[in-house]
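Dear colleague,

I am passing on a structure for you to look through at your own pace. Please open it first, and then read the notes that follow beside it.

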Amino acid sequence: MFYEAIEQLDVRWSGMLCSWRGDLMEERAVMYAQRVFEKGGALDNCVVFIDGTGLFVARPGGALQRSVCSGHKRTHMLKFQTVTTPDGLIFHFYGPVTGRRHDITMYCKAGTDDMLQAGLHIGGIQDCIYGDKAYLIRPWLQVAFPAPLGGEADADEDTQNTDMAGLRVLVEWGYKEVKQVFTSLDFKRKLKIREGPVALVYRCAALLWNMRTCLYGSQTASFIRCDPPDLEKYLSIE
């Protein structure tokens, strides 16, 4: 009954999570950029933040064991990419990919470059998202300045890196809060990818988290002082 319920939920509403919501972004981009800048962000056109996360799973055994093993985390996991807005919504969700894949691999497999290029030029303004050093610099994607090789660090670049790093952590807050509300996602011995739809469960948890955020807010929304949309607006219910 549980799996049937989340399958129906996914069929009906996953488009709210797994496709780029251009209508919602066009309506809220100005507010997002303003809230990020007012909170100390060095960029005045940054509207969302991007990162990858891993969902730890039980050791699967067999040939699949090597695919889902992350050498970086030294455990078995599935990886997902999320784009998070200042009001605490997981605005876009992609995955899973195997645990050994790099964040930039997910970025390319998801077609994120084309999606952002088309979706972040709003009202004649080139808005952008912000990510860590795993990503590539684009007009619509900004990352931290690299450390200089052999020379002194530029003070302005260091300041921007520090300011934006303090806000990029909002993505991590979202991962934490989803697992706090849906605690079974933090118990990897029960997440067996050969025995149940682990990725489906996580995707539905992210969708339900967005609905909860629309109703009750989140840590991110409180910190940035950016109210989420009404639930009816988020679900496009007229």
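**Asp 87 and helix H3**

In this predicted model, Asp 87 lies in the loop that runs between strand E3 (75–84) and strand E4 (90–98). Is Asp 87 buried or exposed? Its relative accessibility is 0%, and because buried means under 20%, Asp 87 counts as buried.

The side chain of Asp 87 has two partners that you can look for in the loop. It makes a polar contact with the side chain of Thr 85 at 2.4 Å, and it also reaches the backbone nitrogen of Leu 89 at 3.3 Å. Leaving aside residues up to four places away in sequence, Asp 87 touches several others, among them Thr 213, Cys 226 and Asp 227, and also Arg 28 and Tyr 32.

Those last two names lead on to helix H3 (residues 22–38), which has 17 residues and reaches 24 Å from its first C-alpha to its last, close to the 24 Å expected. The helix has a kink of about 55°, centred on Arg 28. Arg 28 and Tyr 32 are also among the buried residues of H3, a list that includes Leu 24, Met 25 and Val 36.

Which elements do the buried residues of H3 pack against? They pack against strand E1 (46–56), E4, helix H6 (112–119), strand E5 (121–122), helix H7 (155–168) and helix H11 (231–234). After H3 comes Gly 40, whose phi is positive, near 110°.

With best wishes

Terms used: Residues numbered from 1 in each chain as written. Predicted model: local features only at pLDDT ≥ 70, side-chain atom pairs only at ≥ 80, totals over all residues. Heavy atoms only, no water. Helix = DSSP H or I, 4+ residues; strand = E, 2+ residues; numbered from the N terminus. Buried < 20%, exposed > 50% of the residue type's maximum accessible area, 1.4 Å probe, protein only. Polar contact = N/O pair within 3.5 Å; in protein donor to acceptor, adjacent residues only side chain to side chain. Contact = heavy atoms within 4.5 Å. Expected span 1.5 Å × (residues − 1). Bend = angle between axes of the 7 residues up to and from the residue.
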